[in-house]
Every structure is written in C-alpha cells, then in structure tokens.
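Here's a quick briefing to read alongside the picture. Take a look at the sequence and the fold first, then work through the points below.

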Amino acid sequence: MPEKQRRNHRAYREKTKRLRKREDTCWICGAWIDRTLDYRDPMSWTADHLTPLSKGGRLLGKMRAAHRSCNSRRGNRTDPVNPLPTSREW
Ligand SMILES: [Zn+2]
C-alpha cells in the first residue's frame, strides 16, 4: 500500500524530529551529541531503533538518540559508507 507507506514515512520523520529536540545524549555510549554536526559526520545525531528493522522492529517503534558511529557499530546497518560483507556480525 503505497499511500500508507508514505504516511508512515512522514510520521517517522515527525517522530525523529521530536526525539531530536528532546534527546541529545547517546543511549549507547552516554556521551553528548552535537546536533549541529553534518549528518555525514560519524559523531552526528541519529535515531536508533531499539529493535532494528532487520530484526522485526517497526519503523515507528521505540527509538533513542545515538551517534551515527555508535549506531552503525551496533550492527544496525543504515550507513551505506560502511557496508559489512555478511548479514550478521554477531
Ligand atoms: Zn555514542
């Protein structure tokens, strides 16, 4: 259903926007996140799904603020710059 997906995507963006306003601490390493950094910066702000989408998590499921580098280190591969050869690293 393309229309539903579009609405979900919009809701997702609203949700991350609110989270970004509310949380500026990385839930993985506990350090402060500089929200002014460019999104390509490894220390920039990202919304991390507590349950990765690849593991059955929902797009609008629980999310926490995290550094981009911490987020990708978790194995939640949203970063195309750093692809892993296998589907599971743990
Ligand atoms: Zn971090």
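Where in the chain does Trp27 lie? Trp27 sits in the loop that runs between helix 1 (2–22) and strand 1 (45–49). Keep in mind that this is a predicted model. That loop will come up again below, so let's start with the overall layout and then zoom in.

**The overall layout**

- The protein chain has two helices and two strands, and if you read along the sequence they come in the pattern α-β-β-α.
- The protein chain has 90 residues, and 28% of them count as buried.
- The accessible surface of the protein chain adds up to about 6,900 Å², and carbon and sulfur atoms own 50% of that surface.
- Now take the contacts in the protein chain with a separation of 6 or more: 52% of them come from residues 24 or more positions apart.

**The zinc site**

- Which residues hold the zinc ion? The ion is coordinated by Cys26 (SG), Cys29 (SG), His67 (ND1) and Cys70 (SG), at 2.0 to 2.4 Å.
- The four donor atoms make angles of 104 to 117°, and the site of the zinc ion is tetrahedral.
- If you want to spot the donor residues in the sequence, look for the spacing C-x2-C-x37-H-x2-C.
- Is Cys26 buried or exposed? Cys26 has a relative accessible area of 2%, so it counts as buried, the cut-off being under 20%.
- Cys29, on the other hand, has a relative accessible area of 42% and is partly exposed.

**A nonpolar patch on the surface**

- Trp27, Ile28 and Leu50 make a nonpolar surface patch of about 210 Å².
- Trp27 has a relative accessibility of 31%, so it counts as partly exposed.

**Salt bridges**

- Side chains of opposite charge can pair when their charged atoms come close.
- How many salt bridges does a search of the whole structure find? The search turns up four salt bridges, and three of them are described here, beginning with Glu23 and Arg64.
- The side chains of Glu23 and Arg64 meet at 3.3 Å, N to O. This pair links distant parts of the chain, with Glu23 in the loop between helix 1 and strand 1 and Arg64 in strand 2 (residues 63–67), 41 residues apart.
- Glu23 is buried, with a relative accessible area of 16%, while its partner Arg64 is partly exposed at 33%.
- Arg35 and Asp24 also meet in a salt bridge through their side chains, at 3.5 Å, N to O. Both residues lie in the loop between helix 1 and strand 1, so the pair ties together parts that are 11 residues apart in sequence.
- Arg35 has a relative accessible area of 29% and is partly exposed, and Asp24 is partly exposed too, at 24%.
- Arg40 pairs up with Asp38 in another salt bridge, and their closest N and O atoms are 2.8 Å apart.
- Why does Arg40 count as exposed? Its relative accessible area is 60%, and exposed means over 50%.
- Asp38 has a relative accessibility of 36%, so it counts as partly exposed.

**Leu19 and its partners**

- Leu19 lies in helix 1 and is buried, with a relative accessible area of just 4%.
- What does Leu19 touch once you leave aside its neighbours within four places in sequence? Leu19 is in contact with Trp45, Ala47, Met63, Arg64 and Ala65.
- Arg64 is worth a second look, as it also forms the salt bridge with Glu23. Leu19 and Arg64 are 45 residues apart along the chain, yet their C-alpha atoms are separated by 7.4 Å.

**After helix 2**

- Arg74 is found in the segment after helix 2 (68–73).
- Arg74 is partly exposed, at 28% relative accessibility.
- Arg74 and Pro52 are 22 residues apart in sequence, and in space they are 9.6 Å apart, C-alpha to C-alpha.

Key. Residues numbered from 1 in each chain as written. Predicted model: local features only at pLDDT ≥ 70, side-chain atom pairs only at ≥ 80, totals over all residues. Heavy atoms only, no water. Patch = residues over 30% accessible without salt bridge, like charges linked within 9 Å, V, L, I, M, F, W, Y side chains within 5 Å. Areas by Shrake-Rupley, 256 points an atom, 1.4 Å probe, with all protein chains shown as cover. Helix = DSSP H or I, 4+ residues; strand = E, 2+ residues; numbered from the N terminus. Buried < 20%, exposed > 50% of the residue type's maximum accessible area, 1.4 Å probe, protein only. Donors = N, O, S within 2.8 Å, 3.2 Å for Na, K, Ca; no water. Tetrahedral: all angles 85-135°; square planar, octahedral: opposite > 155°, others 65-115°. Contact = heavy atoms within 4.5 Å.
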